[in-house]
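Work through the exercises below with the model open. Try each task before reading its solution.

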Amino acid sequence: MIERYDVNEEWAHTGIIKAGDFCFLSYCVGNIGGTIEQQINGAFDEMENRLAKLGLTLENVVQMDCLFRDVWNIPVMEKVIRERFNGKYPVRKSIQTNFAHMGGENGLLFQADAVAYCG
């Protein structure tokens, strides 16, 4: 059975899909326009809020795709992960991209997509 949560009809987008023992989260962003550290924390706040809807925490995350405007900010993300994931680190990859988002270069700097174990 597949369950969809946080559906946005305007974007034709689903924020969380639960399929079997796994939950898939996309487009976790926050504090857009803030510093890179503020945006990374904002993205993880959003991820945490979505996971909470299913009774999960950041410790349930097993995989993340982390998108950066500037991939040289990975050390900032690593610092935040150490602070927030309680040693339960997911596997991850980091990708640099030009976001198609309002605000241009001063807008979105970080986005995270994730897979969480919910079985």
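**Exercise 1. Place strand E4 in its surroundings.**

Task: How many of the eight residues of strand E4 are buried?

Solution. Strand E4 covers residues 61–68, and six of its eight residues are buried. Buried means under 20% relative accessible area, exposed means over 50%, and partly exposed lies in between (1.4 Å probe, protein chains only). Strands (E, at least two residues) and helices (H or I, at least four) are DSSP runs numbered from the N terminus.

Note the basis of these values. The model is predicted: local features need pLDDT of at least 70, side-chain atom pairs count only at pLDDT 80 or more, and totals for chains, interfaces and linings use all residues. Residues are numbered from 1 along each chain as its sequence is written, and side-chain values use heavy atoms, with hydrogens and water left out.

**Exercise 2. Find the partners of E4.**

Task: Which strands pair with E4, and in which sense?

Solution. Step one: take E6, residues 110–117. E6 pairs with E4 in the antiparallel sense, over seven bridges. Two strands count as paired if DSSP finds at least two bridges between them. Within this pair, Asp65 stands opposite Asp113 of E6.

Step two: take E5, residues 91–96. E4 and E5 run parallel and are joined by six bridges. Here Leu67 stands opposite Ile95 of E5.

Step three: follow the chain. From E4 it passes through helix H2 (residues 74–84) to E5, a right-handed β-α-β crossover. Right-handed means that, with the strands pointing away from the viewer, the path from the first strand over the helix to the second runs clockwise.

Step four: place the helix. H2 lies across E4, E5 and E6, and runs at about 150 degrees to E5. Contact means heavy atoms within 4.5 Å. Axes are lines fitted to C-alpha atoms, for helices over the stretch in contact, and angles run from 0 to 180 degrees between N-to-C directions.

**Exercise 3. Lay out the sheet.**

Task: What is the strand order of the open sheet, and which strands stand at its edges?

Solution. The sheet has six strands in the order E1-E2-E3-E6-E4-E5, and its pairing is mixed. E1 and E5 stand at the edges with a single partner strand each, so one side of each has no neighbour in the sheet. Direction ignored, neighbouring strands are turned by 15 degrees against each other on average.

**Exercise 4. Trace the salt bridges.**

Task: How many salt bridges does the structure hold, and what do three of them connect?

Solution. The structure holds eight salt bridges. Each is a side-chain nitrogen of Lys or Arg within 4 Å of a carboxyl oxygen of Asp or Glu.

Start with Asp6 and Arg50. Their closest N and O atoms are 3.2 Å apart. Asp6 lies in strand E1 (residues 2–8) and Arg50 in helix H1 (residues 36–52), so this pair ties together parts 44 residues apart in sequence. Asp6 is partly exposed at 34% relative accessible area, whereas Arg50 is buried at 5%.

Next, Arg84 and Glu48. Their closest N and O atoms are 3.0 Å apart. Arg84 lies in H2 and Glu48 in H1, so the pair ties together parts 36 residues apart in sequence. Arg84 is buried at 17%, while Glu48 is partly exposed at 33%.

Then Arg92 and Glu78. The closest N and O atoms are 3.0 Å apart. Arg92 lies in E5 and Glu78 in H2, so the pair ties together parts 14 residues apart in sequence. Arg92 is partly exposed at 35%, and Glu78 is partly exposed at 28%.

Finally, look for shared partners. Such salt bridges join Asp6, Glu46 and Arg50 into one network.

**Exercise 5. Check the backbone.**

Task: What is the sign of phi at Asp6 and at Ala12?

Solution. Asp6 is not a glycine, yet its phi is positive, about 60 degrees. Asp6 is found in strand E1. Ala12 is not a glycine either, and its phi is also positive, about 55 degrees. Ala12 lies in the loop between E1 and strand E2 (13–19). Its accessibility of 72% makes Ala12 exposed.
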